[in-house]
Amino acid sequence: MEFHVKDLELAEKGRLRIEWAGREMPVLKQIKDRFEKEKPLKGIKLGACLHVTTETANLMDVLKAGGAEVALCASNPLSTQDDVAAALVKFFEIPVFAIRGEDRDTYYAHIKAVLDINPNITMDDGADLISTLHAEYPEKIANVIGGTEETTTGVIRLRAMAKEGALKYPVIAVNDALTKHLFDNRYGTGQSTIDGILRATNRLLAGSIFVVAGYGWCGRGVAMRARGMGARVIVTEVDPLKAIEAVMDGFDVMPMDEAAEIGDFFCTLTGDIHVIRKEHFLKMKDGAIVSNSGHFNVELDLDGLKEISQQVRRVRENVDEYTLVNGKKVYILAEGRLVNLAAAEGHPSAVMDMSFANQALCAEYLVKHGKELKNDVYKVPEHIDRSVAEMKLKAMNIRIDRLTPEQEKYLSSWEMGT
């Protein structure tokens, strides 16, 4: 078995951490029990480009239990947990190509190593696997039944590909499942982002001014948690609807140009490029702390920041100090990459349980129905989304009401009126 990980000696530590995460992933456990019996993915080669974490390891275990031949690489150079990568290779016999801190060339070499298995299903977090496949290995696309995409940024890229007619197979946007973005994006990103910022800086949030760029589901979560820690939260937005929502939720809303002058902490969560630029860095307070929890590090204009800096030095793990030409110092966390994964451990496993349950069930759906789908981006089928919610409630020992026949008739009829 080919693989490329940092050190197999880390495997035992990784195995214990995978087991620990698995205790909070009961929905995946229910799916694994069924997959082991039914083998719905038998004969399927599945190439995955995801954050190599304890939660992802549990997903890989489920997919393999379903009969799939799985290969995994990292979707972000700084999100890999090396002990988990080693454990997947040594104890789960899953080929992994991921090393924390890998350079760009190694990152794409690892993506190509996964594509070497000629996958029938692709599983992405950011669409780098799909884009590389389309750009460099078009001859392999004939083998592909379909794919899934985990995150907002990837869905945006894939919808752009579909709009231009460049997408050559169907993809299910797992990110858009209600059981994903209502919980993973909001509660997972909210908690793990604050966790990453605090681990990196050990600074007090209470009494500070915390600027959240973007009020999507991830931004909502970070804003909520920052306020819960006692920060005064400012939201910046380009969408008037989301801006109004932030105002109604009790947050200050203003342009980044104004927020830059007063913020103590900044976090971007937009999926777009250069949300914080040179002119913003120059306006920041001495000691401002800047992070990203969107997806790619392009949300911060780091090249522009270097142009206006006299000196750059690493002052703490995951903290780089930029001394600007005006003499002020700005601190960038985790090299501008995902602070919740680079400086912490990513989302709590309890929320990833639902997201990865969607991934597993959508892979099964593609095996059954992928050939019926056009080359487009699809929502998670509603019955999958609802079944994940039902399994989660069951695992939490929570019961809910059911509609009576009379209620069902009333909701489906136009004749009963008032």
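**Salt bridges, sheet and buried elements**

In the predicted model described here, Arg-159 is partly exposed, with a relative accessible area of 39%. Arg-159 forms a salt bridge with Asp-176, and the closest N and O atoms of this pair lie 2.9 Å apart. The bridge links distant parts of the chain, since Arg-159 belongs to helix H7 (residues 152–163) whereas Asp-176 sits 17 residues away, in the loop between strand S6 (171–173) and helix H8 (178–201). Asp-176 is likewise partly exposed, its relative accessible area being 26%.

A second pair is formed by Glu-245 and Arg-220, whose closest N and O atoms are 2.7 Å apart in a salt bridge. This pair, too, links distant parts of the chain, with Glu-245 in helix H10 (residues 240–248) and Arg-220 in helix H9 (residues 217–228), 25 residues apart. Which of the two classes, buried or partly exposed, applies to each partner? Glu-245 is partly exposed, with a relative accessible area of 29%, whereas Arg-220 has a relative accessibility of 12%, and because residues count as buried when this value is under 20%, Arg-220 is placed in the buried class.

A third salt bridge joins Arg-232 to Asp-252, with 3.0 Å between the closest N and O atoms. Here the link between distant parts of the chain runs from strand S8 (residues 232–236), which holds Arg-232, to strand S9 (residues 252–253), which holds Asp-252, the two residues being 20 apart. Both partners are partly exposed, Arg-232 at 40% relative accessibility and Asp-252 at 30%. Salt bridges that share partners also join Arg-17, Asp-83, Asp-195, Arg-199 and Glu-345 into one network. Over the whole model, the count of salt bridges comes to 25.

Strands S8 and S9 lead on to the sheet. They belong to an open sheet of 8 strands with mixed pairing, in which the order is S9-S8-S7-S10-S11-S14-S13-S12. S9 and strand S12 (309–316) stand at the edges of this sheet and have a single partner strand each, so that one side of each is left without a neighbour in the sheet. The partner of S9 is S8, and the two pair in the parallel sense over 2 bridges; Asp-252 of S9 is the bridge partner of Ile-234, and Asp-252 is also the residue that forms the salt bridge with Arg-232. Helix H9, which holds Arg-220, lies across S8 and strand S7 (209–213), running at about 170° to S7.

Further along the order, S10 stands between S7 and S11. S7 and S10 run parallel and are joined by 4 bridges, with Ala-213 standing opposite Thr-268 in S10. S10 and strand S11 (residues 288–292) also run parallel and are joined by 4 bridges, with Phe-266 standing opposite Val-290 in S11. In a regular strand the side chains alternate between the two faces of the sheet. In strand S10 (residues 265–268), Phe-265 and Cys-267 point one way while Phe-266 and Thr-268 point the other way, and all are buried.

Burial was also examined in two elements outside this strand order. In strand S1 (residues 45–50), 5 of the 6 residues are buried, so the strand is largely enclosed by the rest of the structure. S1 runs parallel to strand S2 (residues 69–74) and is joined to S2 by 6 bridges; within this pairing, the bridge partner of Ala-48 is Leu-72 of S2. In helix H4 (residues 82–90), 8 of the 9 residues are buried, so this helix is largely enclosed as well. The buried residues of H4 are Asp-82, Asp-83, Val-84, Ala-85, Ala-86, Ala-87, Leu-88 and Val-89, and Asp-83 is also a member of the salt-bridge network. What covers the buried residues of H4? The cover includes helix H1 (11–22), helix H3 (54–65), S2 and strand S3 (96–97).

At the surface, Leu-403, Tyr-410, Leu-411 and Met-416 make a nonpolar patch of about 430 Å². Among these residues, Leu-403 is placed in the loop between helix H16 (382–395) and helix H17 (405–412), and is partly exposed, with a relative accessible area of 48%.

Definitions and conventions:
Residues are numbered from 1 along each chain as its sequence is written. This is a predicted model: local features need pLDDT of at least 70, side-chain atom pairs count only at pLDDT 80 or more; totals for chains, interfaces and linings use all residues. Side-chain values use heavy atoms; hydrogens and water are left out. A salt bridge is a side-chain nitrogen of Lys or Arg within 4 Å of a carboxyl oxygen of Asp or Glu. Buried means under 20% relative accessible area, exposed over 50%, partly exposed in between (1.4 Å probe, protein chains only). Two strands pair if DSSP finds at least two bridges between them. Contact means heavy atoms within 4.5 Å. Axes are lines fitted to C-alpha atoms, for helices over the stretch in contact, and angles run from 0 to 180 degrees between N-to-C directions. Patches are made of residues with over 30% relative accessible area and no salt bridge: like charges are joined within 9 Å, nonpolar side chains (Val, Leu, Ile, Met, Phe, Trp, Tyr) within 5 Å. Accessible areas come from the Shrake-Rupley method with a 1.4 Å probe; for residues, only the protein chains shown count as cover.
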